[in-house]
Amino acid sequence: MTFTANGLSAVRSGRTILHPTDVTLKPGERVGLVGASGSGKSTLGHALVDGLRGAGTAVAHVPQSPDEALDPLRSMAYHWREAEIALGLAPDASRRTHLFEALQIGHGDMRKRPWGWSRGMQQRFVIAMALIGTPGVLVMDEPTSALDPVVAAGTMDLLEDYLAGRQTALVLITHDLGLAARRVSRLMVMDAGRIVEDAPTTRFLAAPATRAAKALCAHRNWLQLPC
Amino acid sequence: MLKVEGISVRRGGTPVLHDVSLALAPGATLAVVGESGAGKSTLIGAILGLIRCAAGQVTWTDAPAPKCRPALVMQEPRAAFNPHLSLRRSVMEPLAKQASAGDLNRLYRLCDGLELHPDLLDRRPNQVSIGQAQRMGILRALIAKSPLVLFDEPLSALDAATQKHTARLISDMQGQEGFAALIVTHDLGYAAAFADHIAVLRAGRIEEYSAARAFVEAPQTAYGRTLRDAAFSLGALERVA
């Protein structure tokens, strides 16, 4: 079984910002969608969410900043219940405890509003909300760029541990190839609204073919240190 | 030479900086790294004299002129400019007088060094790319020849490739112009690649201070190791055989 969305495209102000694109994902696959600012990554991410949902796949989307997902006037408990209702699920304390333990936010006060939690905890809460319905595909758009490096690395590690052995496919959208390269097994490179390369990570890093991919590879880290 | 000696800053009774001392030699680069809330931006405010210190002092020995102030490059490139003014007007503002032919020559030479087409100067901040806007911010910081430039998270709004390109341009301009740079960043990779020294700021205190390369190879504190390991985990630093 695979997850497929065909003919994804987008036009803004009469200009094509996403050319017709087909995406196929395998269950449990870890895919990085990388490219420079303005290359169309987020647009494809949104189109992919819509396309897959249209095809009947359960898809969850985690935005760049928790501010986009959380209402500052509502409690965390309200957000959680709202997410359950949206998925048609009955309240389940054990499911919540399990996800909160996995993402290490069990100590968070659910009566508080988002700003009563730290940024890192807010983002992990959003990720936990995304995982409530055990989605087939999890699309994350720059999930760590609003976080401090230590918190960002910890969040990615917790997510990776949670997803290990599960069937949920992960699409990680980022401008940072260095971040994606360590976390995904397949890389898709966007440039000017098109996927210009789609290859296993190791093959891609060894031999990027296009100009956009070479630029990403050349700038994937700041400094290389000997082992 | 910039000397920060034992400064403490309190906000609403809470200490934000505690006994912070730093020194920055002419032409050198110091990166101050730390997490949100560590006091990095407060440190910049204190050096600029915008935030009053409860104790300690910031001195600037061998300043070329008594009124010469450090220049600042801000984090959000577009928000750093008045949206209603042309970039040319904002960039020339630090000169505070009618631009002479020499100033214009300097402006175009700096534009060239920062890979900015002079035509962009006649646009407004929202009419250039974010990377170009940040290079305009750097241009404005350099125009008045301040020997000390403070960078507050100068790259965090840019994408990975633009970050590296901009960092290279800042470094090249530093070689050409000779200013000292104090860079506040949460990105240890950037600090390690471009600074001479790294100071780790944590909860308002300097936790560790060492040469940049020595720091990433062998941090001396547990927190320094945590920062370094996160940089590896996020791919900012990489180990190669």
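1. Let's start with helix H8 of chain B (residues 222-233), which lies across S3, strand S8 (197-202) and S9 of chain B. Helix H8(B) runs at about 110 degrees to S8(B). Contact here means heavy atoms within 4.5 Å. Angles run from 0 to 180 degrees between N-to-C directions, with axes fitted as lines to C-alpha atoms, for helices over the stretch in contact. Helices (H or I, at least four residues) and strands (E, at least two) are DSSP runs, numbered from the N terminus.

2. Please keep in mind that this is a predicted model, in which local features need pLDDT of at least 70 and side-chain atom pairs count only at pLDDT 80 or more, while totals for chains, interfaces and linings use all residues. Residues are numbered from 1 along each chain as its sequence is written, chains are lettered from A and ligands numbered from 1 in the order in which they are written, and side-chain values use heavy atoms, leaving out hydrogens and water.

3. The strands under helix H8(B) belong to an open sheet of six strands in chain B, ordered S5-S6-S7-S3-S8-S9, with mixed pairing. Two strands count as paired if DSSP finds at least two bridges between them. Strand S5 (71-73) and strand S9 (205-211) of chain B stand at the edges with a single partner strand each, so one side of each has no neighbour in the sheet. On average, neighbouring strands of this sheet are turned by 20 degrees against each other, direction ignored.

4. Within that sheet, strand S3 (residues 29-33) and strand S7 (residues 180-185) of chain B run parallel and are joined by five bridges. If you want a pair to look at, Val32(B) has Val184(B) in S7(B) as its bridge partner. Helix H4 of chain B (residues 130-143) also packs on this sheet, touching S5 and S6 of chain B. The direction of helix H4(B) makes about 175 degrees with that of S5(B).

5. Chain B has another open sheet, this one of three strands in the order S2-S1-S4, with antiparallel pairing. Its edge strands are S2 (14-24) and S4 (55-60) of chain B, each pairing on one side only. The twist averages 20 degrees from one strand to the next. Seven bridges join S1(B) (residues 2-11) to S2(B), and Leu2(B) has Leu24(B) as its bridge partner. Helix H1 of chain B (residues 40-48) packs on this sheet, touching S1, S2 and S4 of chain B, and its direction makes about 115 degrees with that of S1(B).

6. How is chain B divided into domains? The assignment gives domain 1 (1-70 + 148-241) and domain 2 (80-145); such bounds come from an automatic or database domain assignment. Their C-alpha centres lie 25 Å apart, and the contact takes 13 residues from domain 1 of chain B and 13 residues from domain 2 of chain B. The area buried between them is about 1,100 Å², with carbon and sulfur atoms giving 71%. Buried area is the accessible area (1.4 Å probe) that two parts lose on being put together, summed over both.

7. On the domain 1 side of chain B, Leu169(B), Met173(B) and Glu177(B) supply 39% of the area buried against domain 2, more than any other three residues. The rule finds one salt bridge across this interface, a salt bridge being a side-chain nitrogen of Lys or Arg within 4 Å of a carboxyl oxygen of Asp or Glu. Glu177(B) forms a salt bridge with Arg106(B), with the closest N and O atoms 2.7 Å apart. Strand S6 (148-152) and helix H5 (160-177) of chain B each supply at least two residues of the domain 1 side, and H5(B) gives the most, with seven residues.

8. Now for the two chains: the contact takes 24 residues from chain A and 33 residues from chain B. The area buried between chain A and chain B is about 2,700 Å², of which carbon and sulfur atoms give 61%. In chain A, Trp222(A), Leu223(A) and Leu225(A) lose the most area to chain B, together 34% of what that side buries.

9. Which residues form the salt bridge between the chains? The side chains of Glu238(B) and Arg220(A) meet in it (3.3 Å, N to O). Glu238(B) sits in strand S10 (residues 237-240) of chain B, and Arg220(A) in the loop between helix H9 (211-218) and S9 of chain A.
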